[in-house]
Amino acid sequence: MKNLKRHLLIAGACLVAWTHAAWAQFPDKPVTLVVPFAAGGPSDKIARDLAEALRKPLGQTVIVDNTAGAGGTIGAARVARAKPDGYTLLVHHIGLATAPALYKKLPYNTLADFEYLGLINDAPSVLIGRTTLAANNLGELRKWIAESDGRVNLANAGVGSASHLCGLMLQNALKSKMTTVPYKGTAPAMTDLIGGQVDLMCEQATNAVPQIEGKKVKVFGVSSTDRLALPALAQTPTPTLAEAGLPGFNVTVWHGLYAPRGTPPEVLARLNAALRAALKDPDLIKRQEALGLRIVTDARLAPSGHKAFVQAEMERWTQVIKDSGETAE
Ligand code: MLT
């Protein structure tokens, strides 16, 4: 019996040593960042910036793969089901916290099906409109919306997207139901807004700032509590929606990095360290800050802080969404 116990202990020690050795080489092939929205949108831009900055700390190629649809829930489900080996990760935003309140049957559990690798940034959104709108400020826009009797086409990236949440908060604040037009991401939605096919969208600054600077869209307000003090917007000083007439309006989108539940601790530690290094990349910081993004440097960069933050955001938005009566089909 003693011999058996000894052999089992040795076998166990060998297995642990082998496991450590096996993961010590991670990553020994390219890592994929899944983006749950169409290419060219804010999530995609942030992921591509991050992929570039992760290459050096990981010593590996990092590729971005878009799996769009259903407000980001299809892409999130893909990663929740992926092999937990650290080679398939998810870049996702506030939608991970709002989808549970919107979808009766969500194909994943936000808190249980992911390992939290750290928060990446905070992103303000802006309320933008087609240039052919007569309104030039929020006061005039509100009057036009009230007279339009619901026939206002508000674009978003599907129920559960950041643009959906910001648009929902806007309708609640204005006490005005609009006709929502869903897309696979705000990149295709932006094309239609610039073309005048839709009227309004609440879009992250990441994608909206270049269009505002290029006078391709009109801007009516910033969704967060601080104005966007960007060189690109020097010609278009924009108030916050709160100061422009919607007191208390505050929607800040955030983006985080996730792995499937069950990814080995050694791999999680390696990925979190690489994320921390990537977020110190001067080029990434310059690019993101030029678009109004704020790189996370606080406790939310640690897996535990990241998960606690998302849990708090879930609690915050669940009540607001339930009060609005909004649900996905
Ligand atoms: C995108 O990248 O298309 C956006 O993040 C979609 C959204 O959440 O509004």
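In the predicted model, Lys 29 is placed over the face of Tyr 87, at a distance of 4.6 Å from the ring centre. A second contact of this kind involves Arg 300, which lies over the face of Phe 309 at 4.8 Å from the ring centre.

Phe 309 also takes part in an aromatic pair. The whole structure holds five aromatic pairs. In one of them, the ring centres of Trp 254 and Phe 309 are 5.3 Å apart and the planes stand at 70°; since an angle over 60 degrees counts as edge-to-face, the pair is therefore assigned to that class. Trp 254 belongs to strand β9 (residues 252-260) and Phe 309 to helix α11 (residues 303-324), so the pair ties together parts that are 55 residues apart in sequence. Trp 254 and Phe 309 are both buried. Elsewhere, one aromatic cluster is formed by Tyr 108, Phe 114, Tyr 116 and Tyr 258.

The search for enclosed space returned one cavity of 30 Å³ or more in the whole structure. The largest cavity encloses about 70 Å³. Its lining consists of 13 residues, of which Phe 37, Pro 42, Ser 43, Thr 186 and Gln 204 are the closest to the cavity centre. Two or more lining residues are supplied by each of the elements α2 (42-58) and α6 (162-174). By class, the lining of the largest cavity comprises five nonpolar and eight polar residues, with no charged residue. Residues of the lining come both from domain 1 (29-123 + 252-324) and from domain 2 (124-234), so the largest cavity lies between these two domains.

Helix α2 also contributes to an open site. The second largest pocket has a volume of about 150 Å³. The elements that give two or more residues to the lining of this pocket are α2, α9 (265-278) and α10 (282-289). The greatest contribution to the lining of the second largest pocket is that of α2, with six residues. Among the residues lining the pocket are Asp 49, Glu 52, Arg 55 and Lys 56, together with Asp 281, Asp 283 and Arg 287. Ala 53, Pro 57, Ala 277, Ala 278 and Leu 284 are also part of the lining. The lining of the second largest pocket thus divides into seven charged and five nonpolar residues, and no polar residue is present. In the largest cavity, by comparison, the lining has no charged residue.

Several backbone features were found in loops. The peptide bond that joins Phe 26 and Pro 27 is cis, with omega at about -5°. Pro 27 is located in the loop between α1 (2-24) and β1 (31-35).

Positive phi values occur at two lysines, described in turn. Lys 175, which is not a glycine, has a positive phi of about 50°. This residue is situated in the loop between α6 and β6 (179-182). The relative accessibility of Lys 175 is 77%, and the residue therefore counts as exposed. For Lys 215, likewise a residue other than glycine, phi is positive and near 55°. Lys 215 lies in the loop between α8 (205-213) and β8 (218-222). With a relative accessibility of 58%, Lys 215 counts as exposed, the cut-off for this class being over 50%.

How values were computed
Residues are numbered from 1 along each chain as its sequence is written. This is a predicted model: local features need pLDDT of at least 70, side-chain atom pairs count only at pLDDT 80 or more; totals for chains, interfaces and linings use all residues. Side-chain values use heavy atoms; hydrogens and water are left out. On a 1 Å grid over the protein atoms alone, a cavity is a set of points where a 1.4 Å probe fits but cannot get out, and a pocket is an open set with protein on both sides within 12 Å along at least five of seven lines; lining residues have an atom within 4 Å of a point. Grid points are joined across faces, edges and corners, and a volume is the space filled by probe spheres set on the points. Helices (H or I, at least four residues) and strands (E, at least two) are DSSP runs, numbered from the N terminus. Ala, Val, Leu, Ile, Met, Phe, Trp, Tyr, Cys and Pro count as nonpolar, Asp, Glu, Lys and Arg as charged, and the others, Gly among them, as polar. Domain bounds come from an automatic or database domain assignment. Rings of Phe, Tyr and Trp (its six-membered ring) pair if their centres lie within 6.5 Å; planes under 30 degrees apart count as stacked, over 60 as edge-to-face and the rest as tilted. Buried means under 20% relative accessible area, exposed over 50%, partly exposed in between (1.4 Å probe, protein chains only). A charge sits over a ring if NZ of Lys or CZ of Arg is within 6 Å of the ring centre and within 35 degrees of the ring normal.
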